[in-house]
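User: Please take a close look at one part of this protein, the sheet, and describe how it is put together and what lies against it.

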Amino acid sequence: MKQYVYVLDKDGNPLMPTTRYGKVRRMLRDGKASVVSTKPFTIRLAEKTETSVVQQVACGMDPGRTNIG
């Protein structure tokens with residue numbers, strides 16, 4: 001299971017989460033982002049983003065083997 005880093009823009013609006021941990025570490029080190037929360041790990045960008053496009057997200061549930069047939 002992937003661990004996601006949630007991202008907020010400068011105004012606090014949600015952006016798409018990421019799994020690019022190295023990029024997140026560099027952004028934190030360079031002062032381009034700050035930590036908002038550690039559980040779940042969330043960062044806020046310090047600069048205005050060019051776009052704020054957010055994709056549709058769908059959630060699927062697996063009922064497991066007890067409901068087969």
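Analyst: What follows goes through the sheet strand by strand, then turns to what packs on it, some of its residues and the largest pocket. The model is a predicted one.

The sheet is open and is built from 3 strands in the order S1-S3-S2, with mixed pairing. S1 and S2 are the edge strands, each paired on one side only. From one strand to the next, the twist averages 25 degrees. Helix H1, residues 21-30, packs on this sheet and touches S2 and S3. The direction of H1 makes about 55 degrees with that of S3.

The mixed pairing can be followed strand by strand. Strand S1 covers residues 6-8 and strand S3 covers residues 41-45; these two pair in the parallel sense, over 3 bridges. Within that pairing, Val7 stands opposite Ile43 of S3. On the S2 side, the strands run antiparallel: S2, residues 33-38, is joined to S3 by 5 bridges. Ala33 stands opposite Leu45 in S3, and Val35 has Ile43 in S3 as its bridge partner. Ile43 therefore faces a residue on either side, with Val7 opposite it and Val35 as a bridge partner, because S3 sits between S1 and S2 in the strand order.

The connection between S2 and S3 is a hairpin through 2 residues. Pro40 is found in this loop between S2 and S3. The peptide bond that joins Lys39 and Pro40 is cis, with omega at about -5 degrees.

Next, the residues themselves. Thr42 lies in strand S3. Is Thr42 buried or exposed? Thr42 counts as buried because its relative accessibility is 11%, and the cut-off for buried is under 20%. Leaving aside neighbours within four places in sequence, the residues in contact with Thr42 are Tyr6, Leu8, Ser34, Val35, Val36 and Ser37.

Tyr6 is found in strand S1. At 37% relative accessibility Tyr6 counts as partly exposed, because that class runs between the 20% limit for buried and the 50% limit for exposed. With neighbours within four places in sequence again left out, Tyr6 is in contact with Pro17, Pro40, Phe41, Thr42 and Ile43. The list for Tyr6 thus includes Pro40, the residue in the loop between S2 and S3. Tyr6 can also be placed relative to a residue well along the chain: Tyr6 and Val54 are 48 residues apart in sequence, and their C-alpha atoms are 12 Å apart in space.

Val5 is found in the segment before S1. Val5 is buried, with a relative accessible area of 5%. Its contacts, leaving aside neighbours within four places in sequence, are Pro17, Thr18, Tyr21, Val24, Phe41 and Ile43. The C-alpha atoms of Val5 and Met16 are separated by 9.1 Å, and the two residues are 11 residues apart along the chain.

Last comes the largest pocket. What volume does the largest pocket have? The volume is about 300 Å³. The lining of this pocket is made of 13 residues, and those nearest its centre are Val7, Leu15, Met16, Thr18 and Leu45. Two of these names have already come up in the bridges: Val7, opposite Ile43, and Leu45, opposite Ala33. H1 and S3 each supply at least two residues of the lining. H1 gives the most, with 3 residues. By class, the lining has 8 nonpolar, 3 polar and 2 charged residues.

How values were computed:
Residues numbered from 1 in each chain as written. Predicted model: local features only at pLDDT ≥ 70, side-chain atom pairs only at ≥ 80, totals over all residues. Heavy atoms only, no water. Pairing = 2+ DSSP bridges. Helix = DSSP H or I, 4+ residues; strand = E, 2+ residues; numbered from the N terminus. Axes fitted to C-alpha atoms, helices over the stretch in contact; angles between N-to-C directions. Contact = heavy atoms within 4.5 Å. 1 Å grid on protein atoms, 1.4 Å probe; cavity = no way out; pocket = protein on both sides within 12 Å on 5 of 7 lines; lining within 4 Å. Points joined across faces, edges and corners; volume = space filled by probe spheres on them. Nonpolar A, V, L, I, M, F, W, Y, C, P; charged D, E, K, R; others polar. Buried < 20%, exposed > 50% of the residue type's maximum accessible area, 1.4 Å probe, protein only.
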